[in-house]
Amino acid sequence: MKISRRCLLQITGVGVVVAGMVPRVAFAARNSLKNMRTGVQPNGKTRLVIETALRPSYTLVYGENTLTVKLSNTVGNNSVAAKLASGGLVKTVTQAQIGDALNIVAELRKPIGEIPKNQVMILEPNGDNDYRLVLDFAAGTGAKTATQKAAATNESNTTTRKRIIVLDPGHGGKDPGCIGRGGTKEKAVVLSVGRKLRTALQNAGFAVYMTRADDTYLKLAERAAIAERKKADLFISIHANANPSRSMKGFSIYTLSEKASDEEAQKLADSENAADKIDVSGFESFSKDIRVALSALQQHAVAEMSEEYANGCARAFNRAGIEQQPGPAVRHAPLAVLRSTVPGALVECGHLSNKAEEKLLKSSAHQDKLVAAIVRSVKNYDFEA
Ligand SMILES: [Zn+2]
């Protein structure tokens, strides 16, 4: 949804140029610095905000006690002085114009590690604000400093912590999920895929937990809570689909959004959420704790990471030759099980309502194929970058 909004903005921009309201130079327009400030977040992290007239294009460079934000094709503004919050890590913020690029150099009281991807955000203009590049960081956090990272690249996973994956086979116990024509129950198929996947991911060096490893019923919120408790890096909910049209087949992958991306996605959310008969009127149904823990910015970051994983997962399925449901491979829906601070996706492996696919989903060979594709997607996922 976010991507299409971005496209819309671009299209609008072109429209304006065509209408001749701004000069043609708009395409090559240079960005300009509008404002800079720091703050201290409730969690103690320092926040650096850089406001620019256009969407910023940036790279981060880590020095001994400095953080440099290189803004390409940007012109500085000497009348802009950074407003610094007391108690933060930032001592001073200065501008240096290097050719077309503007370097914003933050001098720090203590060294910081590389800032994780989910702590860097670009916000669209709103109200009095222009585009904002927002960076959150704390002393000595992040993974490693850039130098340490370079030194570690030749070493194996043993020097970094294992990534934690929580697998969530859908339904279970009193809730069979959907039932195929031949009587195959979704809860059984997805449990079998989940167990195989656990072994395969463990063999690939991941720490893996399952929301259920047997035929147990679990509420959707409990599943999301397990991902929180285990401090998971990635949450994968495994399902199989059913459709009134028996000819419908193929996989599809879902990420969380407040509104469904299409009618199909809404129907799916209705049926998957129905297990708990919970209220899904929006993000209000986030559990209170999670809502407090997640700022709007973090929600945005989790959504972006989930989107990235889901797209990679769809690519892995396509590459493996697994049939895709007609329409977009990645859809969005208000799925209760995905409401957490953990990036993740819900994978509908195929349709049990289709006779041929029901047979496939039951077969161990096809389950192995699904597992291999998901393992590939997890290995390719950029956990931090
Ligand atoms: Zn399901």
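Two strands are taken to pair if DSSP finds at least two bridges between them. On this basis, strand 6 (residues 90–98) and strand 7 (residues 101–108) run antiparallel and are joined by eight bridges. Within this pair, Gln97 stands opposite Leu102 of strand 7. Two residues lie between the strands of the hairpin, and Gly99 takes a positive phi near 65° there.

The structure is a predicted model. The mean pLDDT of the chain is 82, and 81% of the residues score at least 70. In two stretches the confidence is lower than 50: over residues 1–27 the pLDDT is below 50, with nine contacts in the model beyond near neighbours in sequence. Over residues 145–159 the pLDDT is likewise below 50, and that stretch has 12 contacts beyond near neighbours in sequence.

The chain holds nine helices and 15 strands. Of its 385 residues, 36% are buried. Among the contacts with a separation of 6 or more, 76% are between residues 24 or more positions apart.

Five strands form an open sheet of mixed pairing, in the order 5-1-2-9-8. Its edges are strand 5 (74–75) and strand 8 (120–123); each has a single partner strand, so one side of each is left without a neighbour in the sheet. At one of these edges, strand 5 runs parallel to strand 1 (residues 31–40), to which two bridges join it. Asn31 has Thr74 of strand 5 as its bridge partner. The loop between strand 4 (66–71) and strand 5 contains Asn73. The phi of Asn73 is positive, near 50°, although the residue is not glycine. Asn73 counts as partly exposed because it has 16 C-beta neighbours inside 10 Å, whereas 20 or more would class a residue as buried.

A positive phi in a residue other than glycine also occurs at His171, with a value near 60°. His171 belongs to the loop between strand 10 (164–169) and helix 3 (186–203). In this case the residue is buried, because 25 other C-beta atoms lie within 10 Å.

The largest nonpolar core comprises 58 residues, and those with the most contacts inside it are Ile165, Ile236, Cys313, Leu335, Ala345 and Val347. Helix 7 (residues 296–319) gives the most to this core, contributing nine residues. The surroundings of Val347 can be described in detail. With its neighbours within four places in sequence left aside, Val347 is in contact with Ile236, Ser237, Ile238, His239, Phe251, Ile253 and Cys313. A second core, separate from the largest one, has 21 residues, including Met36, Leu48, Ile50 and Leu135. In soluble globular proteins, nonpolar side chains tend to be buried together.

Two helices were examined for the placement of their buried residues. In helix 4 (residues 220–229), the buried residues are Leu220, Arg223, Ala224, Ile226 and Ala227. These residues cover an arc of only 150° around the axis, which puts them on the same side of helix 4. The elements that cover the buried residues of helix 4 include strand 10, strand 11 (207–210), strand 12 (234–241) and helix 5 (263–273). Just after helix 4, Lys231 takes a positive phi of about 50°.

In helix 5, Ala265, Leu268, Ala269 and Glu272 are buried. Seen down the axis of helix 5, these buried residues fall within an arc of 100°, so they line one face of the helix. They pack against strand 12, strand 13 (252–256) and strand 14 (330–333). Strand 12 thus appears both in the cover of helix 4 and in the packing of helix 5.

Helix 9 (residues 364–380) includes Arg376. This residue counts as partly exposed because it has 18 C-beta neighbours inside 10 Å. Although Arg376 and Ala320 are 56 residues apart along the chain, their C-alpha atoms are separated by 9.9 Å.

Definitions and conventions:
Residues are numbered from 1 along each chain as its sequence is written. This is a predicted model: local features need pLDDT of at least 70, side-chain atom pairs count only at pLDDT 80 or more; totals for chains, interfaces and linings use all residues. pLDDT is the predictor's confidence in each residue, from 0 to 100. Two residues are in contact if their C-beta atoms, placed from the backbone, lie within 7 Å. Helices (H or I, at least four residues) and strands (E, at least two) are DSSP runs, numbered from the N terminus. A residue is buried if 20 or more other C-beta atoms lie within 10 Å of its own, exposed if 12 or fewer, and partly exposed in between; C-beta atoms are placed from the backbone. The arc is that of the directions from the helix axis to the C-beta atoms. A nonpolar core is a set of buried Ala, Val, Leu, Ile, Met, Phe, Trp, Tyr and Cys residues joined through C-beta atoms within 7 Å.
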